[in-house]
Amino acid sequence: MRKLVDQPSHKAEHSPLLRSEKHESAIRQVSGSARYVDDIPAPASLCYASVGVTNVASGTLTSLDLSAVKHSPGVIDIITISDIPGHTDIGPVFGGDPILLDNEVKFHGQPVFAVLAETQEQARVAATKATMTFAEAEAILTTHEALAADAKVRPTHEFGRGDVSNTLQTAPLTASGHLSVGGQEHMYLEGQVSLAIPEEEDRMSIFTSSQHPSEVQKLVAEVLDVKLHRVAVDMRRMGGGFGGKESQAAQWACLAAVFALRTRRAVKMRLPRMLDMQATGKRHPFENDYEIAFNETGKMLGAKVTVSGNCGHSPDLSDAIVDRAMFHVDNAYQLGDTHITGHRLKTNIVSHTAFRGFGGPQGLIMAELMMDVVARKTGLDPLSVRKLNLYGEENGTVTPYGMPLEQDILADLIGKLEANSNYWQRREEVKAFNAASPIIKKGLALTPVKFGISFTAKHLNQAGALLHIYTDGSIQVNHGGTEMGQGLHTKIGQIVAHEFGVTLDNIEVTATRTDKVPNTSPTAASSGTDLNGKAAQNACITIKERLAAFFAEQFNVPAEDVIFAAGQVSAGGHHLPFTQLIQNAYMARISLSATGYYRTPKIYYDRETGSGRPFFYFANGAAVSEVSVDTLTGEYTLDKVDILHDVGTSLNPAIDRGQIEGGFIQGMGWLTTEDLRWDDSGRLISNNMATYKIPAIGDTPAHFNVALFDRPNAEDSIYHSKAVGEPPFMLAISVWCAIKDAIASLADYKVDPDLPAPATPEKVLMAINAIQNAGGEQ
Amino acid sequence: MIKFLLNNELVTLENEAAEVSVQQYLRDQKALTGSKEGCAAGDCGACTVVLGEIAPSQTGIYYRSVNSCITLMAALHGKQLITVEHLSDGNTLHPVQQAMVEHHGSQCGFCTPGFVMSMFALYHTDHPATRETVNTALSGNLCRCTGYRPIIEATLDACAHRKADKFTGQEGEVLKQLEAIAAETSTPVMNKVYLPSSREAMAALLQAHPDARFVAGSTDLSLEYTQQLKTLPTLVSTTRVKECRELEVDEQAVTVGAALPLSDIAPVLHEHFPQLHELIDRFASLPIRNQATLGGNVANASPIGDMPPVLLALNATVILDNGSDYREVPADKFFTGYRQTVLADKEWISAIRFNRMDEQTQLRAYKVSKRHEDDISAVCAIFTVTLEDGIVSAISSGFGGVAATPVSCEELEQRLLGKNWREQSTRQLGMEILAEAFSPIDDVRASASYRKQILANLWQRFWFETQSELLATTRVTAYA
């Protein structure tokens, strides 16, 4: 294994770094005083916008009568696409997302017009009063239909190595199959919301719940046909994002801004839950196929995998999402000769978008499926097959896209978890239980995660920060990342406090604002701390260098000896309280404000050859899940979970643990109860919280052990920590595998059950039926 | 007018529109934005507030969590509405708030005020701090960030160290104020919402307002304006009618007032029908059960309501009233079509009478849904069997989710009579009958074929669980 870089100890006695500091907003959150966009005191002129939507999924608009809308009580203004002053396409990368219907119907629930009224209720009522007729056309609603029609939002991409077709023909053992992987509604508790306040002439202030304020700024400017410098976007906190507010928060800000410009009034646009669920994209549903070659020892020899993402009607971020699915089809395993194909299919469904894992989970689950299949065909325990095929010295460490794993820690991590969770003893206990229990069957599974960290769109891997020190020694820092609950601002505060050697109460991390730090990337790809933490640190370093030089000059000591710690600045036996130094520096006309900037090194990807290093590093983890399945109804419970996860050096163990646990439970929801359903007309019927069920409090397992794998990142990330937002989501694949393990017990573990995701009780019972019927025929 | 305490402030309201929910009132009129809107349908709990009311013992305040987004303003009459902004004592956080901070229980924070309020209500009960009581207390609060573990631990921690708080100190004063409101004799009315306190007053109001609709907990009715944007007609509430609030247990029967919140009748039902425990605990969520009534659930006559099948299987009697005459209708005659009942114009459900079971009769109640907590049944199945020397002398059943109305299966009840309960053929016969008894539909919750199969399989579960010796573990939940 590669030698680790030397690690300086960052854990200093008085530093908040590496400690479980509280979320910076915790006290305000529990008191109800943390302010979200809808809580901002209403400006005097505030009025409210809503939208009227299509009730067909495909075709063209043949007539639109808005007279009843116009005469509805309280209505101030109505707009259609022809009223948009500037750009009408708000697609984030490739276009294809009209801000309002542009003749052609894209999906059921697509906004056709927007209406502004004095109250929220009036706007919503008015929005229902239009008379619309459509010339309906045949809609493509499923991935299969889109594949048949060759309907794509972007070209198919492929990569691989070796001659997998030949390997499949000559291998001692082969298998093939299909997996339906469901999508997922973000269900951020705070729905989409924006507030637009008109400023002088055509200038605009936007308060929005968005992971990407810079893109909101750009799109608002383009829609209003003004330059970007006339739009300022403010984003203090989101009530959850999860990817759902990366590209798809912009539409509502743009519509509010258009009304604000037209009426010179402050405009709020907040989507009620059902509209939010209908009109914004979700995690992509995938239909995936595999063919694998392996031998009797369980070693993989080759894999041919096709992942087909249902992108909805437009590209949105789907190109990168399907790419990431492809990059994770191997997960942690050396698959041998490999060919991976990724289709980006176009359907008459809302445009699917970023969601924690960004396609990674839908690809990674294929690796775990393939391991289970090999285990059942060879009679080996699934964990043995997983360990046998891990990347490593013996199997090789180069991925199908040509990237070597430089810090290969999974074998070690799995070994620790295997021991700590008593995997093998529990395996025997589960078998014994099942032998004695005719109705309830237990299942057990350990699955790893290896997740690539960096935006695969290279230019997004940059960040900026702006740091001010005031004359009382208090510090304000602003950076390009957004706070959606993940604790980014807390970690940034810890970083800045550590750099200056002051306590956290001296640091204020302010709302993300496009007029403070420009051209920022979305807070996504788990990269918030990696990018913005480094940028903030660089801002600190710039000011520290100025202060150190000043201190050195005053006391005639070398500047490089100056230390910032415990509220003091010291060198050569001289000490000054930090605040005193700041005041002295101010009087001496030293600038106390600086920007910081960071770009991720080393990364590149060549689309032509399908190879490169798209990721700065990998984050790793593994989970053991144990379930009980009722073979009469398909109901199940998650009884025990043990997790060991790699966050490098943890900047804040409590926050990292929160991301791991929250990601795991959210992933479990994706694979179990969260069941998106569209009817035959393309209408979303799981369109509220009564019909779409995210995990509730009873779904958290009674035994839920989470530990951090204590090893610094070998790469020079911020204090050698690792990104943690997305990777733990995929640990929940262990739950799906454990359910399959329980079902497989009905066929003496000789068959891998055909279990689509989400594995609702109904789907579990269908898999049980299938395995029992097959058994009956033998 | 209606009167209530908003935290410590006495509020009287006369002309508020019925469609203004408690949540909108707090956020829009009082600038108390701590309560968040996540769904406006009582499904997420981000809007949770606590209502303090005079405890049945008359000696203190009883605190219950409710969803402010689907609570009528008129329902606040005579109560103390407590919001998250009011919990701290000066700059000192309430113990449940402090515990949430200490245990890292908030991430995005949007659900947090709702959780804090549910925790506060639990803090003021004498329920022990266990995972089970915490799950029940927080069953109506969704969090999308944390995975709940730190919230569970915060709640356990705070409730394991209960001590007097600001509210204990103010209890006497609040009680006095609420008693003063209760002593007023005029019928509370807010705009078009009336809260009569007797059956006679109810009948008179119905005469005066022929187009009036009934309301009880408003957990279903509210969706008409929060989700469908409808306006409401005149409403008359059953919740203060004293004849609808009685709870009577005698040798033969348990009679439950139709307008009592489900959480108030749950202990009595648990005591006399312990096998209903799971079903009642899984009936919506605690904040919903704190508002919703048995009468409302039965009068709604939804085919996916969980209590009508119980009434059918237990051969309960629905007691109807029009202010002058009572009439009694057996449960199996009450539901006449899709959301249709025998209720006449200006007639309401006053109470439900459940006959107590004898020792020879065994009851089981099953609910299958995608999620354990706060979900609507794909299928709800209630069975009883009465055995004499191992031979079936009576069988009854009630089902939800399998037909246009709550139904029972007559064929099952007839063809199994006289069968030996231990015989595999008895199990088999029941399965065969139930697999073909109904023609359920495909919908967002389940397919028709799944519903048919689990009907037969729940019968199997019933058969296994009611044998004289344990043949198998039959459930994955702790209730088995």
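**Entry 1: helix 3 against helix 5, chain B**

Before I note any packing angle: axes here are lines fitted to C-alpha atoms, for helices over the stretch in contact, and the angle between N-to-C directions can run from 0 to 180 degrees. I'm working on a predicted model, so everything below is read off predicted coordinates.

I started with helix 3 (residues 112-123) and helix 5 (residues 149-160) of chain B, whose axes sit 10 Å apart at an angle of about 30 degrees. That makes the two helices, 3 and 5 of chain B, roughly parallel, because angles under 35 degrees count that way. I looked up the hand of this crossing too, and helix 3 of chain B crosses helix 5 of chain B in the right-handed sense.

Which residues meet there? From helix 3 of chain B I listed Phe115(B), Met119(B), Leu122(B) and Tyr123(B). Across from them, helix 5 of chain B brings Ile151(B), Thr155(B), Ala158(B) and Cys159(B). By class I get seven nonpolar residues, one polar and no charged ones in this contact.

**Entry 2: helix 16 against helix 17, chain B**

Next I went to helix 16 (residues 424-437) of chain B and its contact with helix 17 of chain B. Their axes come within 8 Å and cross at roughly 155 degrees. Helix 16 and helix 17 of chain B are therefore roughly antiparallel, since the cut-off for that is over 145. The crossing of helix 16 and helix 17 of chain B is right-handed.

I wrote down the contact residues: helix 16 of chain B puts in Arg427(B), Gly430(B), Met431(B), Leu434(B) and Ala435(B). Helix 17 of chain B answers with Lys452(B), Leu455(B), Ala456(B), Trp459(B), Gln460(B) and Trp463(B). The split for helix 16 with helix 17 of chain B is seven nonpolar, two polar and two charged.

**Entry 3: where chain B touches chain A**

I then looked at the interface, where 65 residues of chain B contact 70 residues of chain A. The chain B elements giving two or more residues to it are helix 2 (95-102), helix 3, helix 4 (131-137), helix 5 and helix 17 (448-465). Which of them gives the largest share? I found helix 17 of chain B, with six residues. On the chain B side I noted 29 nonpolar, 23 polar and 13 charged residues.

I checked the scores as well: ipTM is 0.97 and pTM is 0.98. Chain B has a mean pLDDT of 96, with 99% of its residues at 70 or more.

**Entry 4: annotated spans**

UniProt, in an unreviewed entry, puts "domain: FAD-binding PCMH-type" on residues 186-359 of chain B. I found that span to be 30% helix and 24% strand, with its end C-alpha atoms 48 Å apart.

For chain A, an unreviewed UniProt entry gives "domain: Aldehyde oxidase/xanthine dehydrogenase a/b hammerhead" at residues 31-138. Over residues 31-138 of chain A I got 12% helix and 31% strand, and 52 Å between the end C-alpha atoms.

**Entry 5: backbone oddities in chain A**

I flagged two spots, because most residues other than glycine have a negative phi and most peptide bonds are trans. The bond from Ala757(A) to Pro758(A) is cis, with omega near 0 degrees. I placed Pro758(A) in the loop between helix 18 (733-744) and helix 19 (761-777) of chain A.

The other spot is Ser526(A), with a positive phi near 60 degrees. Ser526(A) sits in the loop between strand 20 (512-513) and helix 15 (528-555) of chain A.

Definitions and conventions. Residues numbered from 1 in each chain as written. Chains lettered and ligands numbered in written order. Predicted model: local features only at pLDDT ≥ 70, side-chain atom pairs only at ≥ 80, totals over all residues. Helix = DSSP H or I, 4+ residues; strand = E, 2+ residues; numbered from the N terminus. Parallel < 35°, antiparallel > 145°, perpendicular 65-115°, else oblique. Left-handed = near helix turned anticlockwise from the far one by under 90°. Contact = placed C-beta atoms within 7 Å. Nonpolar A, V, L, I, M, F, W, Y, C, P; charged D, E, K, R; others polar. UniProt positions renumbered as here; feature names shortened; annotations may be inferred. pLDDT = per-residue confidence, 0-100.
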